[in-house]
Amino acid sequence: MTAQPQADWQDSFVATNLLPLGYNAWSGFLAGEPGAVVCSLNSPQLGITGENFPVHYVPRSRLAPFLNAWLAIPDTVILTHHHITSHILQAVDGYNPEKDVILLLESGDRASFLYLRNLPIAPPRGYEIVCKGWEEFHLDSTTVADIQLFQVNLTTPHRRTG
């Protein structure tokens, strides 16, 4: 069975963003309850590390109203079923947050529901890797105090004409 061309970019997106997806899923779960990671590719931000996309965690208790509002937008077309809201809620009720991620991915006028299972890096491990990276690159106040700042004024002096 071959993957649909449309799913190819989604597989690539998930593979490229496995750590941030796992981090967001686990940190959201740690905040209190199971839920879904929502990522929009419609407004990427270009940063020093490349493109960044808005990512949010929506807990189960707020997921139904979120889906109703999100999917009611006239330009949004959900892929797969017309009864997708109940399927997404059932998936959130039954998934294992220690191993799986429920992802809602928006791209253009399409919204995809992805149930990510058997991830090569489980959400708690992705969370740990991201947090460890932050610790490794976090500057403490003594390090920052040693930074020397040299400023060069790049404005040109006014010329006198005469």
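# Notebook: core, strands and salt bridges

I began with Tyr115, which lies in strand 7. The model is predicted, and I read every value below with that in mind.

**Tyr115.** Buried or exposed, or in between? I looked up its accessibility. Tyr115 comes out at 29% relative accessibility, so it counts as partly exposed. I then listed its contacts, leaving aside neighbours within four places in sequence. Tyr115 is in contact with Ala91, Gly94, Tyr95, Asn96, Asp100, Val101 and Ile102. I also checked one C-alpha separation. Tyr115 and Ile88 are 27 residues apart along the chain, and their C-alpha atoms are 8.8 Å apart.

**Overall layout.** I stepped back to the whole chain. I counted 6 helices and 7 strands in the protein. Along the sequence I read the pattern α-α-β-β-β-β-α-β-α-β-β-α-α. The protein has 162 residues, and 31% of them count as buried. I looked at contacts between residues at least 6 apart in sequence. Of these, 59% join residues at least 24 apart. The exposed surface is about 11400 Å². Carbon and sulfur atoms supply 55% of that surface.

**Nonpolar core.** Which residues have the most contacts inside the largest nonpolar core? I found Leu63, Leu103 and Leu104. This core has 30 residues. Next I noted the elements that give two or more residues to this core. The helices among them are helix 1 (5-16), helix 2 (18-30), helix 3 and helix 4. The strands are strand 1 (35-40), strand 4 (55-59), strand 6 (101-107) and strand 7 (110-116). I set a general expectation beside this. In soluble globular proteins, nonpolar side chains tend to be buried together.

I followed Leu103 outward, again leaving aside neighbours within four places in sequence. Leu103 is in contact with Val14, Leu21, Val37 and Cys39, among others. Its list also includes Ser112, Phe113, Leu114 and Leu116.

**Strand 1.** How many residues of strand 1 are buried? I found 6 of the 6, so the strand is largely enclosed by the rest of the structure. I then looked up its partners. Strand 1 is joined to strand 4 by 5 bridges, and the two run antiparallel. In that pairing, Gly35 stands opposite Pro59 in strand 4. Strand 1 is also joined to strand 6, by 4 bridges, and here the run is parallel. Val38 stands opposite Leu104 in strand 6. Leu104 was already in my notes as one of the core residues with the most contacts.

**Helix 2.** I checked the length of this helix. It has 13 residues, which at 1.5 Å a residue should span 18 Å. The end C-alpha atoms are 18 Å apart, so the two agree. Which residues of helix 2 are buried? I listed Leu18, Leu21, Gly22, Tyr23, Asn24, Ala25, Trp26 and Gly28. After helix 2 comes Gly32, whose phi is positive, near 150 degrees.

I picked out Asn24, which lies in helix 2. At 18% relative accessibility it counts as buried, because the cut-off is under 20%. Leaving aside neighbours within four places in sequence, Asn24 is in contact with Val37, Val55 and Tyr57. Val37 also appears in the contact list of Leu103.

**Salt bridges.** How many salt bridges does a search of the whole structure find? I got 2.

One of them joins Asp93 and Arg60, with the closest N and O atoms 2.8 Å apart. This pair links distant parts of the chain. Asp93 is in helix 4 (residues 84-94) and Arg60 in helix 3 (residues 60-72), 33 residues apart. I looked up accessibility on both sides. Asp93 is at 53%, so it counts as exposed. Arg60 has a relative accessible area of 26% and is partly exposed.

In another, the side chains of Arg125 and Glu128 meet at 2.6 Å, N to O. Both residues lie in helix 5 (residues 123-137). They are 3 residues apart, about one turn of the helix. Arg125 is partly exposed, with a relative accessible area of 42%. Glu128 is at 44% relative accessibility and also counts as partly exposed.

How values were computed: Residues are numbered from 1 along each chain as its sequence is written. This is a predicted model: local features need pLDDT of at least 70, side-chain atom pairs count only at pLDDT 80 or more; totals for chains, interfaces and linings use all residues. Side-chain values use heavy atoms; hydrogens and water are left out. A salt bridge is a side-chain nitrogen of Lys or Arg within 4 Å of a carboxyl oxygen of Asp or Glu. Buried means under 20% relative accessible area, exposed over 50%, partly exposed in between (1.4 Å probe, protein chains only). A nonpolar core is a set of buried Ala, Val, Leu, Ile, Met, Phe, Trp, Tyr and Cys residues joined through side-chain atoms within 4.5 Å. Contact means heavy atoms within 4.5 Å. The expected span of a helix is 1.5 Å times one less than its number of residues. Accessible areas come from the Shrake-Rupley method with a 1.4 Å probe; for residues, only the protein chains shown count as cover. Two strands pair if DSSP finds at least two bridges between them.
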